[in-house]
Amino acid sequence: MKSLLALILSITLVAFAANALAGEDWKGKIYWTIYGGGEIAQAKCDGSNRTSLVKTGHHPRGLIIDAKNGFMYWANGGQAESKALDGSIQKCQMNNCSNTVKTIVGEGKTAEPIQLTLDRVNGYIYWSDRPRDLVQRSTLDGSKVETVLVLKAENATWLQPTGCEVDEESGVLYWAEKSINRIGRVELANLKLPYTPKKSDYIVTEGLNGPAMIKIDKGQHKIFIADRHSNRISWVSLDGGIPHEIVNTKFTQPVGLAIDHRAGKIFFSELMGNKISSVNMDGTDMKKICDNAGPYPVGVSFVPETE
């Protein structure tokens with residue numbers, strides 16, 4: 001009897017350890033959406049062990065991973081550049097993605113969501129809705145969807161907001177407008193919604209050519225920019241100013257960005273090169289991570305080994 005109990009205990013401990021390892025297997029990796037393939041892929045940071053994680057059945061754009069709570073969120077665009085409300089936002093559990101996909105913002109509420117960003121402090125997910133010139137948000141369960149920004153310009157009829165990023169600690173929202181090449185910033189506290197930004201809310205108004213997604217690094221006091229039509233990864237101060245080139249990707253149209261803050265590294269998607277690449281923040285050591293990332297990779301996210 002004792003030997004049987006010991007055997008059962010041993011098997012239980014082995015199974016528990018295996019489950020624990022499986023539960024952490026999603027860390028230390030990069031993730032990206034494949035617009036043309038309708039899927040989300042993953043790989044180690046050196047590009048090895050590339051696998052398909054989720055078949056979305058849509059055209060996924062941006063994605064964001066909440067590593068602390070173990071969830072991944074991604075944006076599905078409907079018809080490109082159409083104002084039809086056929087976009088959606090979905091999520092899954094990182095340790096069991098294919099079996100836990102859930103729609104949190106369904107059709108009828110957004111058109112073409114692009115970049116996603118989380119405000120876990122206040123329980124929101126934000127996104128840029130490109131065709132309708134809006135920045136929207138919802139509660140993390142999707143129960144409340146509202147418009148945050150209504151974007152307008154004197155000399156433009158379509159601004160194409162693509163990038164958006166929230167500084168959770170300070171409660172500041174940044175966004176990029178692709179068609180008129182500018183980046184804005186507003187404080188969210190006490191902001192009356194929906195809000196139409198003023199000229200004074202724009203901190204970058206020159207030096208860009210088709211900014212797509214953006215990421216902030218508070219430690220370096222910088223905004224990193226995938227400047228699509230100039231084929232550059234650039235940075236600018238959180239206070240604004242003129243962008244500085246980090247690297248030129250040579251005609252491949254960088255779109256998505258992810259930051260490894262500890263290693264000082266940027267991962268980015270190359271839309272027309274079908275690649276995921278990386279570069280140090282100082283512009284050195286640019287390399288291909290996945291040379292065949294799939295047709296039109298867009299959003300990129302990175303999860304460190306440890307928080």
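Where is His221 found? In this predicted model, His221 sits in the loop between strand 16 and strand 17. The close-ups below start there and then move on to other parts of the chain.

**View 1. His221 in its loop, with the residues it touches.** The loop in question links strand 16 and strand 17. With a relative accessibility of 36%, His221 counts as partly exposed. Leaving aside residues up to four places away in sequence, His221 touches Val236, Ser237, Leu238 and Asp239. Asp282 is another story: from His221 to Asp282 is 61 residues in sequence and 14 Å in space, C-alpha to C-alpha.

**View 2. The largest nonpolar core, with Ile246 in the picture.** This core is made of 17 residues, and those with the most contacts inside it are Phe224, Ile233, Ile246, Leu257 and Ile266. Strand 16 (211-217), strand 17 (222-227), strand 19 (244-248), strand 20 (254-260) and strand 21 (265-270) are the elements that give two or more residues to it. Strand 20 supplies the largest share, 3 residues. Now zoom in on Ile246: not counting residues up to four places away in sequence, Ile246 touches Phe224, Ile233, Ser234, Trp235, Ile266, Val279, Asn280, Met281, Asp282 and Gly283. As a bit of background, nonpolar side chains in soluble globular proteins tend to be buried together.

**View 3. Another core, and an aromatic pair at Trp175.** Apart from the largest core lies another one, of 16 residues, with Tyr124, Cys164, Leu173 and Trp175 among them. Trp175 is buried, at a relative accessible area of 0%. Tyr202 counts as buried too, at 10% relative accessibility. Ring to ring, the centres of Trp175 and Tyr202 are 5.6 Å apart and the planes stand at 75°, so this pair is edge-to-face. Trp175 belongs to strand 13 (residues 172-177) and Tyr202 to strand 15 (residues 202-204), so the pair ties together parts that are 27 residues apart in sequence. Tyr202 has a charge to deal with as well: the charged end of Arg182 sits over its ring, 3.6 Å from the centre.

**View 4. A four-stranded open sheet.** Here 4 strands line up in the order 8-9-10-11, with antiparallel pairing. Which strands stand at the edges? Strand 8 (113-119) and strand 11 (145-150) do, each with a single partner strand, so one side of each has no neighbour in the sheet. On average, neighbouring strands are turned by 25° against each other, direction ignored. In the middle of the order given above, strand 9 (residues 124-129) and strand 10 (residues 134-139) run antiparallel and are joined by 6 bridges. For one residue to follow across, take Tyr126, whose bridge partner in strand 10 is Arg137.

**View 5. Tyr124 and Tyr126, ring against ring.** The whole structure holds 3 aromatic pairs. In the one shown here, the ring centres of Tyr124 and Tyr126 are 6.2 Å apart and the planes stand at 65°, so the pair is edge-to-face. Are these two tyrosines buried or exposed? Tyr124 counts as buried at 14% relative accessibility, and Tyr126 is buried with a relative accessible area of 1%.

**View 6. A lysine over a phenylalanine ring.** One last close-up takes in Lys91 and Phe71. The charged end of Lys91 sits over the ring of Phe71, 4.4 Å from the centre of that ring.

Notes: Residues numbered from 1 in each chain as written. Predicted model: local features only at pLDDT ≥ 70, side-chain atom pairs only at ≥ 80, totals over all residues. Heavy atoms only, no water. Core = buried A, V, L, I, M, F, W, Y, C linked by side-chain atoms within 4.5 Å. Buried < 20%, exposed > 50% of the residue type's maximum accessible area, 1.4 Å probe, protein only. Contact = heavy atoms within 4.5 Å. Pairing = 2+ DSSP bridges. Axes fitted to C-alpha atoms, helices over the stretch in contact; angles between N-to-C directions. Phe/Tyr/Trp six-rings, centres within 6.5 Å; stacked < 30°, edge-to-face > 60°. Lys NZ or Arg CZ within 6 Å of the ring centre and 35° of its normal.
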